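Reader: I'm new to this and would like to learn how to read a protein structure. Could you walk me through one?

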Amino acid sequence: ADISGSQCFGSGQRSKAEVAAEITCLLALSAIRNQDKIGLILFTDRIEKSIPPRKGRTAAMRLVREVLAAEETRRKTDIAGAFRFFNNVQKRRAVVFLISDFIDTGYEKELRILSRRHDVICCPISDPREMELVDAGLIEVQDPETGSLMLLDTGSAGIRDRFRQSAAQEQKRLSEMFRKLKVDTIFLSTSR
């Protein structure tokens with residue numbers, strides 16, 4: 001599960017981090033029911049916490065607590081690093097759920113390697129405001145991973161249109177990459 005700075009964003013009632021925690025909880029409860037082992041890696045631009053796979057209610061509840069207790073960070077995202085770490089610690093074939101907003105680049109090679117060794121299900125989380133800006137006039141926005149500030153004129157139809165096109169292109173790029181690598185995908189949103 002990605003716990004980088006960008007996961008803290010949410011324009012509605014839930015943030016991406018809260019959706020990630022909810023999905024992780026559902027997976028943990030499912031593992032208990034199926035008597036499967038379940039482990040967890042929380043990552044930013046480094047591995048924040050790693051819990052090896054274990055069976056049972058106690059192990060699953062520990063994962064739930066860890067995800068819910070994960071602190072907000074200003075850290076960036078390194079998906080490739082998380083994949084490399086996972087491949088080094090997990091020698092047996094596993095089902096891997098990657099829960100992230102995928103705001104990162106350069107991880108395709110590691111995803112290809114991971115998907116050859118394991119069953120991978122990518123769960124990209126997005127928020128409606130990441131897909132389309134509303135006309136709110138001049139606003140100050142902050143990059144949650146770097147802290148840098150920028151003034152943005154959302155009153156400009158051209159800026160809103162470019163933003164919408166850029167977000168759609170990124171969504172299409174992700175979908176095509178997952179399809180090309182034959183990686184199962186569950187697209188998640190903070191709004192549903």
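Reader: Let's start with one residue: is Asp101 buried or exposed?

Author: Before we dig in, keep in mind that this is a predicted model. For burial, the cut-off is under 20% relative accessible area for buried and over 50% for exposed. Asp101 has a relative accessible area of 8%, so Asp101 is buried.

Reader: And which residue forms a salt bridge with Asp101?

Author: The general idea goes like this. Side chains of opposite charge can pair when their charged atoms come close. Here the partner of Asp101 is Lys16, and the closest N and O atoms are 2.9 Å apart. This pair connects distant parts of the chain: Lys16 belongs to helix α1, while Asp101 is in the loop between β3 and α4, and the two are 85 residues apart. Lys16 has a relative accessible area of 0%, so Lys16 is buried too.

Reader: How many salt bridges are there in the whole structure?

Author: A search finds 13. Another one of them is between the side chains of Arg46 and Glu48, at 3.1 Å from N to O. Arg46, with a relative accessible area of 42%, is partly exposed. Glu48 is partly exposed as well, with 29%.

Reader: Where do Arg173 and Glu170 lie?

Author: Both are in helix α5, 3 residues apart, and that is about one turn of the helix. Their side chains meet in a salt bridge, at 2.8 Å from N to O. Why does Arg173 count as partly exposed? Because its relative accessibility is 29%. Glu170 gets the label partly exposed because its value is 33%. Salt bridges can also share partners, and in that way Lys16, Asp101 and Glu130 are joined into one network.

Reader: Now for strands. How do β1 and β2 run, and how many bridges join them?

Author: They run antiparallel, with 5 bridges joining β1 (residues 38–43) to β2 (residues 47–54). The two strands make a hairpin, and 3 residues sit between them. To follow the pairing yourself, go partner by partner: Leu40 has Ile51 as its bridge partner in β2, and Ile41 has Ser50.

Reader: What should I know about side chains in a strand?

Author: In a regular strand the side chains alternate between the two faces of the sheet. As for cover, β1 is mostly covered, since 5 of its 6 residues are buried.

Reader: Which residue takes a positive phi in the hairpin of β5 and β6?

Author: That's Gly147, with a phi near 85°, in a hairpin that has 6 residues between the strands. β5 and β6 run antiparallel, and 5 bridges join them. One of the pairings puts Gln142 opposite its bridge partner in β6, Leu149.

Reader: I've also heard about pockets. How much space lies in the largest pocket?

Author: The idea behind such a search is simple. Rolling a probe the size of a water molecule over the atoms shows where empty space is left. In this model, the largest pocket holds about 1,300 Å³ of space. Its lining counts 43 residues, and those closest to the centre are Phe9, Ile103, Arg129, Glu130 and Phe163. You met Glu130 a moment ago, in the network with Lys16 and Asp101.

Reader: Which element gives the most to the lining of the largest pocket?

Author: α5 does, with 7 residues. Elements that each supply at least two residues of that lining are β4, β5, β6, α5 and β8.

Reader: Which residues form the nonpolar patch on the surface?

Author: Val95, Phe97 and Ile186, which together have about 250 Å² of accessible area. Val95 is part of strand β3, covering residues 95–100. With 52% relative accessibility, Val95 counts as exposed, because the cut-off for that label is over 50%.

Reader: One last try. Where is Cys8 found, and how far in space is Cys8 from Asp135?

Author: Cys8 is in the segment before α1. From C-alpha to C-alpha, Cys8 and Asp135 are 23 Å apart in space, and they are 127 residues apart in sequence. Cys8 has a relative accessible area of 30%, so Cys8 counts as partly exposed.

Technical notes. Residues numbered from 1 in each chain as written. Predicted model: local features only at pLDDT ≥ 70, side-chain atom pairs only at ≥ 80, totals over all residues. Heavy atoms only, no water. Pairing = 2+ DSSP bridges. Helix = DSSP H or I, 4+ residues; strand = E, 2+ residues; numbered from the N terminus. Patch = residues over 30% accessible without salt bridge, like charges linked within 9 Å, V, L, I, M, F, W, Y side chains within 5 Å. Areas by Shrake-Rupley, 256 points an atom, 1.4 Å probe, with all protein chains shown as cover. Salt bridge = Lys/Arg side-chain N within 4 Å of Asp/Glu carboxyl O. Buried < 20%, exposed > 50% of the residue type's maximum accessible area, 1.4 Å probe, protein only. 1 Å grid on protein atoms, 1.4 Å probe; cavity = no way out; pocket = protein on both sides within 12 Å on 5 of 7 lines; lining within 4 Å. Points joined across faces, edges and corners; volume = space filled by probe spheres on them.
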